[in-house]
Number of protein chains: 2
Amino acid sequence: MSQRSRQIPEATVARLPVYLRSLAELVDEKTSTVSSERLAEMAGVNAAKVRKDLSYLGSYGTRGVGYDVEYLLFQMSRELGLTHDWPVAIVGAGNLGSALANYGGFTQRGFPVVAMFDSDRQKVDNLIHGVRVFHTDDLASTASKLGVGIGVIATPASAAQDAADKLVAGGVGSILNFAPTVISVPEGVSLRKVDLALELQILSFYQEHRESSE
Amino acid sequence: MSQRSRQIPEATVARLPVYLRSLAELVDEKTSTVSSERLAEMAGVNAAKVRKDLSYLGSYGTRGVGYDVEYLLFQMSRELGLTHDWPVAIVGAGNLGSALANYGGFTQRGFPVVAMFDSDRQKVDNLIHGVRVFHTDDLASTASKLGVGIGVIATPASAAQDAADKLVAGGVGSILNFAPTVISVPEGVSLRKVDLALELQILSFYQEHRESSE
DNA sequence: GTGATCTTGTGAATACAAGCACTAGCGTCG
DNA sequence: CGACGCTAGTGCTTGTATTCACAAGATCAC
């Protein structure tokens, strides 16, 4: 059963949510069928890529017609694991952590924040946007008890690796890291990062090189 | 002069800031020389990749010895365009935009926020973390006047494309998009995106598939 | 029904990235 | 001063992702 679908390439997985959003828009505007070309335009990619990406999910299109929007949306949600909620824990109750907790979009999209953690005992037992703050000493056990699947690291860089280790110890399988540092996790744990400074520096590179060539 | 260095691959550019951070750490701990192996470990990549990446910048290492930390740091900063500031404008003075403006890290790292823009006249002329809010009607002209190089889009999805268009009209060459939507920019303008929901959904995919195979 | 027109699904070609494994050069130690 | 050990630089192989281009299936008009 685990081998239901051939391995989906990483690059494809990263694009599925973009298609998903496009499909949601199409539903909103009551469009029932969509071609790979239209979907490609909405997602900002090439049509052949859309078709190949979607073909990994199965043959859900109809030649000469296109894809049924609702059906594809459902299949994709299922594939992405969005048909049920994924409890999320946020480590670090500072500016960023609080901002993330306050940002309603999480829960709304199926990622309810069920706990926050901080090493500052002053913050422990506070409620942030209705979410209770626990001490990081209790991270692993609490995360495990609450069935946390995804951990978000919003600590300073120096505490990030420790946070990751504790999350993993608590059985968390996926980590989203906002701390500006490289962290390592055991094989089998998924890790993605969001790093502002890094993004700006990449843009700076291209900015610099564009200027010098004009 | 613009052809000083052979074209640096995108994947390499995206890693340079990671090396840069590692080098900064090494300077802090007073290390004067570093091998590709050590740097690879710090950056979480393979040593051969480090050497290849650095070789695009020039031959700054010494065989049998390694790289001089300070010298490499300098060269890399230069290449990344970090030897001077890049004025940044933030479009959207809502929760996210304000949080970004309040986050000191920007200015500190050479990306001073020189202006914010919002379509809500109530917010115009407010100061957020010392940064004045302008109306989006004046976006292009103000951005141009202030010499903004990088624009950050922190608007709702529906306003993002318009914000991008105005930034481009104002001469902005690089855009960092936080809005959960695909935006398009003319050739020659750099575009990167940061999208929370998307990251969580990608993690959800792997989470889902890990579970089903255990 | 048959031909014209779409649009998917996919094999093959191309482009890009990663990693290995070797070579060249530097420093050091005996 | 010669041999050895270390480490950068890089050609080549392998793997992955993108794109092209076309055949196969579906619909529609008449």
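Modeller: In this predicted model, copies are superposed by least squares on the C-alpha atoms of residues with pLDDT of at least 70 in both.

Colleague: What makes the relation between chain A and chain B that of a two-fold axis?

Modeller: Chain A can be laid on chain B by a turn of 180° and a shift of 0.0 Å along the axis, with an RMSD of 0.1 Å. That is why the relation is the one of a two-fold axis. In chain A, the C-alpha nearest this axis belongs to A:V194, 3.5 Å from it.

Colleague: How do you know that the same surface serves both copies?

Modeller: Of the contact residues of chain A, 100% recur in chain B.

Colleague: What makes B:S36 a polar contact of DNA strand D?

Modeller: The cut-off for a pair of N or O atoms is 3.5 Å. An N or O atom in the side chain of B:S36 is 2.5 Å from a phosphate oxygen of DNA strand D, so the pair is within the limit. The side chain of B:R63 has an N or O atom 3.0 Å from a sugar or linking oxygen of the strand, and a polar backbone atom of B:G64 is also 3.0 Å from a sugar or linking oxygen.

Colleague: Which residues come nearest to DNA strand D?

Modeller: Of the 28 residues around the strand, they are A:R15, A:R63, B:S36, B:R51 and B:Y67. Sugar and phosphate make up 66% of the strand's atoms that come within 4 Å of the protein.

Colleague: Which element gives the largest share of the surface near DNA strand D?

Modeller: α3(A) does, with 4 residues. By class, that surface has 8 nonpolar, 11 polar and 9 charged residues.

Definitions and conventions. Residues numbered from 1 in each chain as written. Chains lettered and ligands numbered in written order. Predicted model: local features only at pLDDT ≥ 70, side-chain atom pairs only at ≥ 80, totals over all residues. Heavy atoms only, no water. Contact = heavy atoms within 4.5 Å. Near = heavy atom within 4 Å. Polar contact = N/O pair within 3.5 Å; in protein donor to acceptor, adjacent residues only side chain to side chain. Helix = DSSP H or I, 4+ residues; strand = E, 2+ residues; numbered from the N terminus. Nonpolar A, V, L, I, M, F, W, Y, C, P; charged D, E, K, R; others polar.
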